[in-house]
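User: I am new to this structure and should like to understand the terms used to describe it. Please explain how each description is reached.

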Amino acid sequence: MRKIQNLRICVLKQYELLLALHVAYLLEFPSEKEKYDFIEIPNIDYVRKIKETIDIAECKRLIKYIQSFKDESVSINIAIGLDDCYEINERLMDRKYIEKYLGYRTLEQFVTLLKEFAKKIHWDSFFYENIDFYQNIINIMNNLPKNLDLTDINHFYGVKNRKYICILSVLMNGGFGPKDKKGNLYYVRGIEYNEEKQKFKIDEKYLCECMFHEFSHPVVNALVDKYFSSFVHIDDIYKEAILNGLPKTYQNKKVLLYEYFVRANANVLVRKYYPDIIISEWIKNLGFIYLEKLADYIYQNFEGYSNYEDFFKKELVDFFNDIRK
């Protein structure tokens, strides 16, 4: 664990175990990889150690649960709700969300099996044996701006008393932005590691922008849900996004809106630290063809509003409805 200003950074033991189970399973059944595209299996010693540590034949019941998860974020939402002894922390565990997407039996049964398996394979010992590797992962966050201040998010969205936690791993790609039952926000990020060069692949601007992206999701998703009926032209925007390369994972009208506003807001927030940052063409080519227009509008018109929801309902929804003009 490390802290940079008001950001706590770690490799989370509980999440590493869940990711390692996915990795061990996919190493045994590589044809299943498409179903778990958020899992990364780099050709490194760390992964080979996982393969030696986890025997898939000994955890068939755990794998049955993993196969039944209805959403990619189930694992991380379970992990952030477990204490250091793999017990449910009722103050943090968002049962309502997890049970909606669990897909098989009960959360208690899964956690019991996970705890038993962690003890059986001596996962705590494995984790601490690799602590130097984890520390090197954590150290990449030194590349964030020295003047980084996450209260920017508080001011922008009009929220208070949020804790910001960053969880890193080489066993996943992309990112997640969950929150726990107490409202703590998480930036969960996959990190690419080249063992031959013994270097992590780092784009500091992208790393920072992705952080604002993930920390924005809980607020933005709730607002889109609340005002979804006001997006009167969403059908046309959705069809156009699909025709322009929208990935299947975003092919849901609410999810498209989540991503549009989160990506635009992240771009606005990161401009304080990287004024020359631009919206990459590859993002536009994923179907977000109006993203630059949306981000510029937010940047130029947000000032004067007391909080983001006020801006969103009074001005931003109408702008988005007419964005194709």
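Analyst: The answers below set values computed from this predicted model against the cut-offs behind each term.

User: What makes α1 roughly perpendicular to α6?

Analyst: The axes of helix α1 (residues 13–28) and helix α6 (residues 107–120) cross at roughly 85° and come within 12 Å. Angles of 65 to 115 degrees count as roughly perpendicular, and therefore α1 is described as roughly perpendicular to α6.

User: Which residues of α1 and α6 meet, and how do they divide into nonpolar, polar and charged?

Analyst: From α1 come L17, L18 and L21, which meet F110, L114, F117 and A118 of α6. Seven residues of this contact are nonpolar, none is polar and none is charged. Ala, Leu and Phe are among the residue types that count as nonpolar.

User: Why does E90 count as partly exposed?

Analyst: E90 is found in the loop between α4 (74–79) and α5 (95–101). Buried means under 20% relative accessible area and exposed means over 50%, with partly exposed in between. E90 has a relative accessibility of 40%, so this residue counts as partly exposed.

User: What is E90 in contact with, leaving aside its neighbours within four places in sequence?

Analyst: With those neighbours left aside, E90 is in contact with R95 and K181. K181 is 91 residues from E90 along the chain, and their C-alpha atoms are separated by 8.4 Å.

User: Why is the approach of the side chains of E90 and R95 called a polar contact?

Analyst: The two side chains make a polar contact at 2.9 Å. The cut-off for such a pair of N or O atoms is 3.5 Å, and therefore the distance qualifies.

User: Why is the aromatic pair of F38 and F176 called edge-to-face?

Analyst: A search of the whole structure finds 40 aromatic pairs. One of them joins F38 and F176, at 5.8 Å centre to centre and with 75° between the planes. Ring centres must lie within 6.5 Å, and planes over 60 degrees apart count as edge-to-face, so both values fit the term. The pair links F38, in the loop between α1 and α2 (45–53), with F176 in strand β4 (residues 175–176), 138 residues apart. Both F38 and F176 are buried.

User: How do you know that Y260 and F288 are an edge-to-face pair, and are they buried or exposed?

Analyst: Their rings lie 5.2 Å apart centre to centre, with 80° between the planes, which makes the pair edge-to-face. Y260 lies in helix α12 (residues 253–270) and F288 in the loop between α13 (281–284) and α14 (291–301), so the pair ties together parts 28 residues apart in sequence. Y260 counts as buried because its relative accessibility is 1%, and F288 is buried with a relative accessible area of 0%.

Terms used:
Residues are numbered from 1 along each chain as its sequence is written. This is a predicted model: local features need pLDDT of at least 70, side-chain atom pairs count only at pLDDT 80 or more; totals for chains, interfaces and linings use all residues. Side-chain values use heavy atoms; hydrogens and water are left out. Axes are lines fitted to C-alpha atoms, for helices over the stretch in contact, and angles run from 0 to 180 degrees between N-to-C directions. Helices (H or I, at least four residues) and strands (E, at least two) are DSSP runs, numbered from the N terminus. Angles under 35 degrees count as roughly parallel, over 145 as roughly antiparallel, 65 to 115 as roughly perpendicular and the rest as oblique. Contact means heavy atoms within 4.5 Å. Buried means under 20% relative accessible area, exposed over 50%, partly exposed in between (1.4 Å probe, protein chains only). A polar contact is a pair of N or O atoms within 3.5 Å; within protein, one must be able to donate a hydrogen and the other to accept it, and residues adjacent in sequence count only if both atoms are side-chain atoms. Rings of Phe, Tyr and Trp (its six-membered ring) pair if their centres lie within 6.5 Å; planes under 30 degrees apart count as stacked, over 60 as edge-to-face and the rest as tilted.
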